[in-house]
Amino acid sequence: MNRVNLEVKRGELVALLGSSGCGKTTLLRSIAGFVTPTSGSIRVDGRDITGLPPERRGTAMMFQSYALWPHMSVAQNIGYGLRMRGWKKEAIAERVEAMLSLLQLEGYGPRPVTSLSGGQRQRVALGRSLAVDPDVLLLDEPMSNLDYKVRIELRQELRALQQRIGITAVYVTHDREEALTLADRIAVLDAGRVEQYDTPEVIYHRPASPFVAGFMGADNAIMVTAGERGWIAAARDRNGAPAMRAHFRSDAARVLADENAVDGALVLRGTIAQTLYVGQGYRYRVRLVDNEKHGPASDGPAPDLAEVWVHAPERIDEGTAATIAVPHDALLLFPVT
C-alpha cells in the first residue's frame with residue numbers, strides 16, 4: 001500500500017473497489033489485524049488498534065469462502081465467536097436466535113451448514129460476524145461465489161440490513177455495479193494507491209482520472225482537440241500542443257444513419273468489426289478510420305487508438321461503414337500528461 005488515507009464515518013458502508021492485485025484485500029486484512037503495516041496507524045473511534053491482535057480490535061471479518069465449520073450446525077457456527085469470548089450458553093442461544101430472525105433463517109439453527117444453499121451459507125457467515133457486535137464489519141468479496149440472481153437479491157438484503165442496524169462496514173469488491181449499489185462511498189484503488197474516494201454518483205459521473213473513468217465503464221478513450229464545431233478526433237491540435245484524452249461509455253454513443261456532421265457531438269467514422277447481441281440491442285466494436293482520408297478534413301483519430309465500442313438498437317452487419325456520434329456532454333476529458 002502507498003500512503004493510503006481513508007476515513008470511514010460511523011454507520012457508513014465504504015467499498016474498496018479495484019482489480020485483482022490492487023491492494024484492496026491487503027488493506028482490509030490490515031484493518032482486521034492479519035497484516036501489519038510498516039508505517040502509519042489504524043484507528044477505530046480514535047483508538048489506535050495498529051498493534052493489537054485481531055480478537056482485540058473490535059472488528060469482525062466475513063471471508064470470501066465464508067470459512068464455516070462443516071461439522072457444526074447453523075446455530076453452532078453463528079455462536080462460535082461468542083463461545084470463544086466466554087459467553088454463557090443461555091446468552092449465546094438468545095443471541096443466535098436474534099441473528100436467525102434478523103437474517104430470515106428462523107428454524108435453521110439445528111441444520112448442518114453443509115445442507116444449505118450458497119445464499120443461506122452467506123447469511124450464516126454474516127450472522128456469525130454480526131453476533132459478536134463488532135465496531136466495524138469487514139467483508140472480503142462475500143458474494144463472488146454466488147449465482148448472479150442470488151447475488152443481486154442478497155446485495156439488496158445486505159444493504160437494507162446494514163442501514164437498518166447502522167453498522168459501520170468496509171466491503172471489498174472488484175464489481176463496480178456491486179460497489180455502486182451497496183456503498184455510501186467508494187475508494188477506487190490501483191497499484192496500492194487510492195485513485196479516488198467519493199460518493200458513487202461522483203465516482204461514476206466525475207471520475208478524477210482516466211483510470212477511474214475506464215474502471216467505471218467509460219473504457220472508450222480517444223484523443224481529441226477543439227475544432228470549429230466542438231471536439232474533433234486528433235492526436236495533437238494544429239499548433240502542436242497536446243490534445244485532451246476523452247473517455248466515454250459505449251451506451252452514450254449512437255450510430256448515425258448518414259455521415260452528416262452533428263452539432264454538439266464528437267463524430268467518428270469507421271467500420272463495424274464485430275457485432276454482439278446483448279438482449280436490449282447490440283454492442284458493436286468499431287474500427288476507426290482516419291477522418292482526413294475518409295471524411296471532412298481533420299487530424300484523424302490518434303494512431304494508438306483504433307477501436308471503440310458502441311451500442312445500437314438495430315442490427316448492423318459486420319464490415320459496414322459506420323458514423324458514430326458521441327454528445328459532447330458525455331465526454332469525460334482529461335489532460336494528456
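Strand β16 (residues 321-327) is largely enclosed by the rest of the structure, because five of its seven residues are buried. Buried here means under 20% relative accessible area, with a 1.4 Å probe and protein chains only. Strands are DSSP runs of E with at least two residues, and helices are runs of H or I with at least four, each numbered from the N terminus.

All this comes from a predicted model, where local features need pLDDT of at least 70, side-chain atom pairs count only at pLDDT 80 or more, and totals for chains, interfaces and linings use all residues. Residues are numbered from 1 along each chain as its sequence is written, and side-chain values use heavy atoms, with hydrogens and water left out.

So who sits beside β16? Two strands pair if DSSP finds at least two bridges between them, and here are two partners:

| Partner of β16 | Bridges | Direction | A facing pair |
|---|---|---|---|
| β12 (residues 254-255) | two | antiparallel | V255 and I324 |
| β13 (residues 265-277) | seven | antiparallel | R269 and T323 |

Now the whole chain. It holds 10 helices and 17 strands, and buried residues make up 46% of its 337 residues. The C-alpha trace spans about 80 × 45 × 30 Å along its principal axes.

How do contacts (heavy atoms within 4.5 Å) spread along the chain? Of those with a separation of 6 or more, 68% are between residues 24 or more positions apart.

Definitions and conventions:
Buried < 20%, exposed > 50% of the residue type's maximum accessible area, 1.4 Å probe, protein only. Contact = heavy atoms within 4.5 Å.
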